[in-house]
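Colleague: Could you take a close look at one part of this protein for me? I would like to know how that part sits in the rest of the chain.

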Amino acid sequence: MIAALFPGQNSHAVGMGTAVRDAYNVSAQVFEVADQALPGITNVMAEGPLEDLTLTANQQPALVTASIAAYRAWQEATGLKPAYAVGHSLGEFSAHVAAGTLDLKDAIQLVHKRGTYMQEAVPVGLGAMAAVMGEDIATISEVCKNTPGVVEVANFNAPTQTVISGEASAVQAASAELKGKGFKVIPLKVSAPFHCSLMQSAREKLETDLQNISYQPLQFPVIANFTAQEVQNPAEVAALLSAQVTGSVRFVESIYKLRDLGVTEFVEFGSGTVLTGLLKRILPEARSFNIHTPEDIQKYLEAHQ
């Protein structure tokens, strides 16, 4: 049983998706739709500069485009369909495009707005995020709760990697407290404090946009970031996609959920290997693949002969 994985921010690279676009007509069509939805986005993907591609409002639609281009090429080459899908943060939009819930053009326009709203929610420099290395999630959560100001758990990425997010001063204070308790803390280079209550204005704006979109029946269930549970009813999708803007990304629980549902193979679609890297830390025994280029698809086919 296969689960499709779709990455979130910081999996981007100049040139992402172009090899599969040139090799598969279905992928080229994805790039065409992306340019209709957001004129010029595929030029930024192909040519950069990296600074422009890294901008949240560009990076999010670029990642959806690259992920779906890879996914559709893999589908055409293998004739396969996953049993489930999960995305990390904005990757949840890609998961819903793959499942047929969201129209690709709608998704690209939505994540462009999402990126814009998230960037506008907190002025640059006032927010921060940090990765905390250690297994004691309860202590991390308790330190955040007891630190003055806004600092919250944003991502449960792996059993030994938790990301905290909030006001810069509060994140620094919590980081110092956690270091004193023996945790390793790494400040992250981010443009805004994602997945915390400071994103409330972004959530509200996105919620309005999400309510104006039509949703189709899911071809397979998507595991929601906010609940780590299966979504099968399209009527639930808008609320869940807006809730994850301020809520934690429960990636560890999502992977355990997929394991419990019987998934034995995980395939990450799009640029980078972030999710398969996290997967190996969550389920070391899991079989995993990355699909980004025609060569990746060839390797996948050879592994399944």
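Modeller: Happy to! Let's take helix 11, residues 237-246, in what is a predicted model. Of its 10 residues, 9 are buried, so helix 11 is largely enclosed by the rest of the structure. Buried here means under 20% relative accessible area. The buried residues begin with Val237 and Ala238, and they go on with Leu240, Leu241, Ser242 and Ala243. Gln244, Val245 and Thr246 are buried as well.

What lies over them? The cover for the buried residues of helix 11 includes three helices: helix 6 (91-98), helix 7 (104-121) and helix 10 (200-211). Strand 8 (230-231) is also part of that cover.

Now for the surroundings. The protein chain holds 14 helices and 10 strands. Its radius of gyration is 18 Å, close to the 19 Å that the globule rule gives for 305 residues, so the chain is as compact as a globular protein of that length. Along the principal axes, the C-alpha trace spans about 55 × 40 × 40 Å. Across the 305 residues, 55% count as buried. Among contacts with a separation of 6 or more, 73% join residues 24 or more positions apart.

On the outside, the protein chain exposes about 12,200 Å², and carbon and sulfur atoms supply 50% of that area. As for charge, there are 20 positive and 30 negative charges, and their mean positions are 4 Å apart.

Notes:
Residues are numbered from 1 along each chain as its sequence is written. This is a predicted model: local features need pLDDT of at least 70, side-chain atom pairs count only at pLDDT 80 or more; totals for chains, interfaces and linings use all residues. Side-chain values use heavy atoms; hydrogens and water are left out. Helices (H or I, at least four residues) and strands (E, at least two) are DSSP runs, numbered from the N terminus. The radius of gyration is taken over C-alpha atoms; the globule rule is 2.2 Å times the number of residues to the power 0.38. Buried means under 20% relative accessible area, exposed over 50%, partly exposed in between (1.4 Å probe, protein chains only). Contact means heavy atoms within 4.5 Å. Accessible areas come from the Shrake-Rupley method with a 1.4 Å probe; for residues, only the protein chains shown count as cover. Lys and Arg count as positive and Asp and Glu as negative; His and the chain ends are not counted. The place of a charge is taken as NZ of Lys, CZ of Arg, CG of Asp or CD of Glu.
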